[in-house]
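Got a model open and not sure where to start? Let's walk through it together, one feature at a time.

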Amino acid sequence: MTDTNIVSIARLADHVGQEVTLRGWLYNKRSSGKLHFLEVRDGSGVVQAVVFKGDVSPELFLAADHLQQETSLEVVGTVKEHGKIKGQYELQAKDVKILGAPSREYPISPKEHGTDFLMDNRHLWLRSKRQHAIVRVRHAIIKAVRDFFDQNDFTLVDAPIFTPNACEGTSNLFQTDYHGDPAYLTQSGQLYMEAAAAAFGKVYCFGPTFRAEKSKTRRHLAEFWMVEPEVAFMNLEEDMQLAENFLSFVVQRVLETRRPELAILERDTKMLENVKAPFPRITYHQAIEILQQNGHPEAKVGDDFGGDEETVISNKFDRPVIVHRYPMDLKAFYFAKDASDPSLALNMDVLAPEGYGEIVGGGQREDDLARLEGAIDHHKLPREAFEWYLDLRRYGTFPHAGFGLGIERTVSWICGLPHVRETIPFPRMLNRLAP
Ligand code: 4AD
Ligand code: MG
């Protein structure tokens with residue numbers, strides 16, 4: 001195996017006219033008489049290696065005719081600019097070494113496969129062009145998320161995965177045994193970020209979160225990644241500004257850096273170009289009116305919104321819309337109440353356009369000790385497990401706010417995917433724990 005001039009496909013432009021070595025897998029193959037066209041992928045891209053009968057030994061030319069899809073191989077050849085397509089390159093092959101020939105026929109062919117089959121073969125499906133593009137967009141989103149908070153003076157504070165606390169209600173908790181005591185897989189790092197905000201001012205966490213969702217929808221995962229900023233001395237209004245600036249930054253960054261991937265996904269980017277702050281804001285009550293006037297006459301105050309309702313509401317706007325001040329009864333225990341109407345929470349949800357639904361949920365937290373104790377009792381949560389959290393109100397309580405953005409719903413929206421199952425490398429859903 002030669003070690004000289006090993007390059008990745010993404011870097012071929014720097015090597016035009018040179019002899020290079022590529023390592024990768026055979027993605028596709030066509031032949032015509034004296035030529036074999038090997039489509040090779042190496043993770044960084046795909047390139048066509050042209051094997052001309054006159055350039056290689058007769059044995060190699062024959063072997064190249066029998067290469068199977070997903071054979072791992074090493075190709076030595078000269079980098080040429082594509083005759084017709086600018087910015088594309090091909091390799092004039094001089095040698096091809098087979099590193100690993102498949103022991104069976106590769107199960108995923110270019111023909112259509114059913115979803116269950118593809119999900120069962122997720123470990124292989126990740127190699128295909130669309131899945132590759134989605135994971136690359138996901139990476140860009142996560143990078144943009146971190147850059148935004150880094151550039152705005154936030155400190156990263158990691159939240160634990162095992163927790164004694166139910167942050168988002170007790171109905172969808174994954175319970176485990178923690179050396180004899182019950183523990184839960186975290187639903188949200190928020191309570192820990194509230195503690196961290198008192199130590200660092202502006203903080204965020206980013207990690208996996210868990211919901212034992214019994215619902216089988218196109219937007220629910222059992223394990224998903226959430227980014228959660230929390231800021232000391234911030235109110236609901238400023239929280240909404242943070243969310244819209246943050247989302248605008250992330251979407252515009254993806255448009256700057258991932259056009260080729262969005263093109264592979266055939267994503268129409270018109271609506272994404274619009275994602276610039278400020279976003280329209282409506283109250284929950286206005287959202288109910290929109291529903292009543294648009295095919296949901298039965299909608300009434302007190303209803304929670306499902307995917308259908310969120311789609312009707314968001315279709316009225318050309319960019320994400322912020323819906324704020326939901327009834328307290330619909331919301332988790334930790335929200336502050338609106339002083340002008342204590343039946344309303346100082347919360348906000350951001351609904352993505354084009355029917356992608358809620359991608360952000362957050363708001364201002366209850367900072368009064370007695371009211372928070374009342375809320376914990378009202379929600380029938382065990383007081384002992386929350387004593388440490390109540391300490392934050394005992395020792396220098398402070399107004400504060402934050403939110404959580406679900407990465408997979410954001411990937412789904414930005415990529416234009418109908419279901420979240422393709423937005424995470426190995427999805428965990430109601431009926432799926434493997435591979
Ligand atoms: O609205 P949620 O439940 O809010 C919280 O967990 C807050 N504690 C966050 C905070 O204020 N720090 O979840 C936030 C976001 C949702 O808007 C959605 O994008 C995503 O997390 N999400 C899910 N994504 C995929 N599958 C699920 N089962 C999800 N549940 C929530
Ligand atoms: Mg929510």
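What follows is a short chat about the ligand site, two helices and some unusual backbone spots.

Q: Before we start, what am I looking at?

A: A predicted model, where local features need pLDDT of at least 70, side-chain atom pairs count only at pLDDT 80 or more, and totals for chains, interfaces and linings use all residues. Residues are numbered from 1 along each chain as its sequence is written, chains are lettered from A and ligands numbered from 1 in the order in which they are written, and side-chain values use heavy atoms, with hydrogens and water left out.

Q: How many residues surround ligand 1?

A: A residue is near a molecule if one of its heavy atoms lies within 4 Å of it. Here 22 residues surround ligand 1, and Glu168, Gln190, Glu228, Glu358 and Ile359 are the closest. Strand 17 gives the largest share of that shell, 5 residues; strands are DSSP runs of E with at least two residues, helices are runs of H or I with at least four, and both are numbered from the N terminus. Strand 11 (223-232) and strand 18 (400-406) are also among the strands supplying at least two shell residues each.

Q: Which side chains make polar contacts with the ligand?

A: A polar contact is a pair of N or O atoms within 3.5 Å. Glutamine 190 puts a polar side-chain atom 2.7 Å from a nitrogen of ligand 1. The side chain of arginine 211 has an N or O atom 2.9 Å from a ligand oxygen, and for tyrosine 334 the distance to a ligand nitrogen is 3.3 Å. The protein covers 94% of the 630 Å² of accessible area (Shrake-Rupley, 1.4 Å probe) that ligand 1 has on its own.

Q: How do I check a helix by its length?

A: The expected span is 1.5 Å times one less than the number of residues. Helix 4 (residues 129-151) has 23 residues, so it should span 33 Å, and its end C-alpha atoms are indeed 33 Å apart. Helix 6, with 22 residues, reaches 32 Å, close to the 32 Å expected. At the start of helix 6, a side-chain oxygen of asparagine 235 comes within 3.2 Å of the backbone nitrogen of glutamate 237.

Q: Which backbone spots should I look at?

A: Most residues other than glycine have a negative phi, and most peptide bonds are trans. Phenylalanine 233 has a positive phi of about 60 degrees and sits in the loop between strand 11 and helix 6. Aspartate 153, which follows helix 4, also has a positive phi, near 65 degrees. A cis peptide bond joins alanine 277 and proline 278, with omega about 0 degrees. The bond from alanine 434 to proline 435 is cis too, omega near 0 degrees.

Note on methods:
A polar contact is a pair of N or O atoms within 3.5 Å; within protein, one must be able to donate a hydrogen and the other to accept it, and residues adjacent in sequence count only if both atoms are side-chain atoms.
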